[in-house]
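Subject: Handing over the two-chain structure

Dear colleague,

I am passing on to you the structure we spoke about, and below it I have written out what was found in it. Please keep the structure open beside the text, so that you can look up each place as you read.

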Amino acid sequence: MLFNSLDFAIFLPIVFILYWFVFNKSLKGQNLLVAAASYVFYGWWDWRFLSLILFSTLIDYFVGVSLGKTEAPTKRKILLWVSILVNLGFLGFFKYYNFFLDNFKSAFSIAGYELNANSLNIILPVGISFYTFQTLSYTIDVYKNRLEPTKNFISFAAFVSFFPQLVAGPIERASNLLPQFFKPRKFEYSQGVDGMRQILWGLFKKVVIADNCAVYANHIFENSADMSGSTLVLGAIFFTFQIYGDFSGYSDIAIGTARLFGFNLMQNFAFPYFSRDIAEFWRRWHISLSTWFRDYLYIPLGGSRGGTWMKVRNTFIIFIVSGFWHGANWTFIVWGALNAVYFLPLLLTNKNRQNMEVVAEDSYLPSFKEFGQMSLTFFLTVIAWVFFRSETLKDASLYIIYASKLETFDLNFILTHSKTLFLISIFIIFEWLSRHNQNPFIIANDFLRKGAYSIIILLIIFYGLYVNPNSFIYFQF
Amino acid sequence: MKNFLLKTSIYLGALIVFLLSYALFCDYLFKDNNYYLGNSKRYWQLSQKDKEFDYLVLGSSRAYGSLDISLLDSIIDKKGINLGLNGSGFTENFITLKLFLKNGNKVDSVFLQVDPYSLMSDSSFSNSFHSYAYLPYWDVDKEIENVLHENIPLLKDWPFYPALLSYFIYNNYYSPYNIYKGLKNKGEFCSKGFDCYNGNKIFDTLPKDQNIIGDEIFIVPDSKDIFYYNKILDLAKENNIEVISYMAPTLDTFSNFETVNILKNISYISSNSKIWDPNLFSDATHVNRFGRDLFTIEFGQFLLAEFNFKEKISLLQKKK
């Protein structure tokens, strides 16, 4: 079920009413409802893969319970590996089987051998990368004694399948989300209002910004050989806003929806395009995944301790794995590697933690220096997104080469894409003004706040795209 | 909770009142032929009443832009009307013809544009059925409603009925910018986009200076499209209307064209190699104004040679 569909517009109020008016007296009932609603939500897309979530839930539940019963290191290690192998096994089969097979075949054919194995027609279950990582965080945390294993299966099933963030995150840490299923929940007005605001802002990002940008970005990327340099630059910028609007919009709706049910999810995006360097960008982009990799991969590998070689190695590993997490294609791997290249100079000169606070914290506008830093970071990010969006490395390279041909630049695109550029401008203004908060509606002045609501609602009504609602890009990851 | 629900209801209520008022205003504009709006040809089609023609052209943008009615009239000495419309598949073509006849109009022949794209409307057009194009939503014609019931599964068509939701979902046709353009173009209804005397497309752009290359397409006919194609033929038969099918020029090629029965039976497909000159196209599947002239002359000559159209005594001539 898509957040930007009428199905969800009906589903959400029904679950909300049942949750607060029918099951409000029983925590167990509420958790059961959340689990059931989550399975309906997921099954709406393809009910066959419900068994996959259920299986993953059962495995991790029993691994957790068994870890709680034993102190023997060998047995604990075996249990941990069972969970890792099952979860990553599913992920590997559904997401990476064909990629590895094709690459093995190519490698063998270069060496003069022919492998007789056919690719499989595999459908990637929506959200598998997200819930796999979420359940893995549970077993790893229980294994490391950072979290008590739960014996309450319903709460655990609700945690794994929690519908607001099931298919595209934020990837919640078990230590943050799971305990919330055990605390009695009472509806709070401020939390409800805040949830609605977050949903409104997320919807705007998705149906107005991302979907409008998608129309042109898709056309330009699919016909890049026929486009002028200026159009290609514009196409890359449109995709840059498309992916941000799409993914952060989803996260906002997820966070807002969770709040309506009394849950707090972690912030997943914090105005990444206002970052002054790549390190700051990665602290603000897909925060739940970045911190997941930091906690469960980067730090266990040694992090930034050790010599220069270790730092370089770990940085490349984490960025390449992050790229590979997005999809089984060399374009994602190069996208990750490129970001590692961007990041490395900052790490080696110990400047990767120099921009920790919000840009222009005490002023309305950035300084020239900050503006220059933000522009450079944005430019580097746009180049990396070309690799992310392209089908092949060759397509990406040609796209960048054609886009660099200054002689083919013209300014007609401003007229032909004025509507989308206008919408992006409004989006940037709202983002800038609200960069200290999670959404632009946290305004003390009643009149200004209602004005902001009205503008965003009207833009959603008049410029949102609803016919054949676009799926979210991150569903494919 | 009470306060939250109350405030949410107030916001929703205010929004509904605003949208309903705006939708009423849009309806008024759409029905008034003084304003040229993006979807105006649809309303012009539906506004034709008690008229008589020797022929009409039915089909998608490829019908709309591939035959010049004035030129064709002069070649075959008959009076026609072009009801072709962007993005229309056989489903919309059937509704167009049905409502055209229901409105008391009469016609002798239908030149029906048939091609692989119209047999694959799900993949060729952005929507399989352009339900949203039939405003107003609170006064849906019975014929359109029937097609909706036949065509779209229950769960998919429900947003069509609550008028408000439909306006909200299909808002591209009533965005403030579109309405502004319509108001700005008041009185220019018949000089922008199409000629409202005979439905001819008015080309406002010159042929593009670029290399246009067609794709190779494998045809997978959709049973729904075949169903409505047959309904058009049945409707024509009931009303003693002759159907002459033709295929508008395209630069695309089709690997299995000969295996599809409906396509094999098309009455006219150009065999003139000059028509496949990319300079005569505005994109791979649409001719430009020069391409249209050439194709119209060719098609007119075909009608004279094969159907003896000049000698044919039409409804109009009988009347005279």
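I begin with a pair of helices in chain A, H9(A) and H15(A), which are oblique to each other, since their axes cross at roughly 125° and an angle between 115 and 145 degrees falls in the oblique class. Please bear in mind throughout that this is a predicted model. Helix H9 covers residues 229–260 and helix H15 covers residues 393–403, and the two axes come within 8 Å of one another. Where the helices meet, A:Gly229, A:Leu232, A:Val233 and A:Ala236 come from H9(A), while A:Tyr399, A:Tyr402 and A:Ala403 come from H15(A). What kinds of residue make up this contact of H9(A) with H15(A)? There are 6 nonpolar residues and 1 polar residue, with no charged residue in the contact.

Stepping back to chain A as a whole, you will find 18 helices and 0 strands in it. Its C-alpha trace spans about 70 × 70 × 45 Å along the principal axes. For 477 residues, a compact globule would be expected to have a radius of gyration near 23 Å, and because chain A has 23 Å, the value agrees with that expectation. Of the residues in chain A, 42% count as buried. If you take the contacts in chain A with a separation of 6 or more, 73% of them are between residues 24 or more positions apart.

One residue of chain A that you might look up is A:Ser304, which sits in the loop between helix H11 (287–298) and helix H12 (308–326). Is A:Ser304 buried, exposed or partly exposed? It counts as partly exposed, because A:Ser304 has 13 C-beta neighbours inside 10 Å, whereas a buried residue needs 20 or more and an exposed one has 12 or fewer. Once its neighbours within four places in sequence are left aside, A:Ser304 is in contact with A:Lys311 and A:Leu347. Its C-alpha atom is also separated by 8.4 Å from that of A:Thr315, which lies 11 residues away along the chain.

Turning now to chain B, you will find 14 helices and 9 strands there. Buried residues make up 35% of its 320 residues, and among the contacts in chain B between residues at least 6 apart in sequence, 79% join residues at least 24 apart.

Five of the strands in chain B form an open sheet with parallel pairing, in the order S2-S1-S3-S5-S7. The edge strands of this sheet are S2 and S7 (268–269), each of which pairs on one side only. Strand S1 (residues 52–58) is largely enclosed by the rest of the structure, because 6 of its 7 residues are buried.

Which strands does S1(B) pair with? With S3 (residues 106–113) it pairs in the parallel sense over 6 bridges, and in this pairing B:Glu52 stands opposite B:Lys106. With S2 (residues 80–82), S1(B) pairs over 3 bridges, again in the parallel sense, and here B:Leu56 stands opposite B:Ile81. Further along the sheet, 5 bridges join S3(B) to strand S5 (residues 242–247), and these two strands run parallel, with B:Ser109 standing opposite B:Glu242 in S5(B).

With best wishes

Key:
Residues are numbered from 1 along each chain as its sequence is written. Chains are lettered from A and ligands numbered from 1 in the order in which they are written. This is a predicted model: local features need pLDDT of at least 70, side-chain atom pairs count only at pLDDT 80 or more; totals for chains, interfaces and linings use all residues. Helices (H or I, at least four residues) and strands (E, at least two) are DSSP runs, numbered from the N terminus. Two residues are in contact if their C-beta atoms, placed from the backbone, lie within 7 Å. The radius of gyration is taken over C-alpha atoms; the globule rule is 2.2 Å times the number of residues to the power 0.38. Axes are lines fitted to C-alpha atoms, for helices over the stretch in contact, and angles run from 0 to 180 degrees between N-to-C directions. Angles under 35 degrees count as roughly parallel, over 145 as roughly antiparallel, 65 to 115 as roughly perpendicular and the rest as oblique. Ala, Val, Leu, Ile, Met, Phe, Trp, Tyr, Cys and Pro count as nonpolar, Asp, Glu, Lys and Arg as charged, and the others, Gly among them, as polar. Two strands pair if DSSP finds at least two bridges between them.
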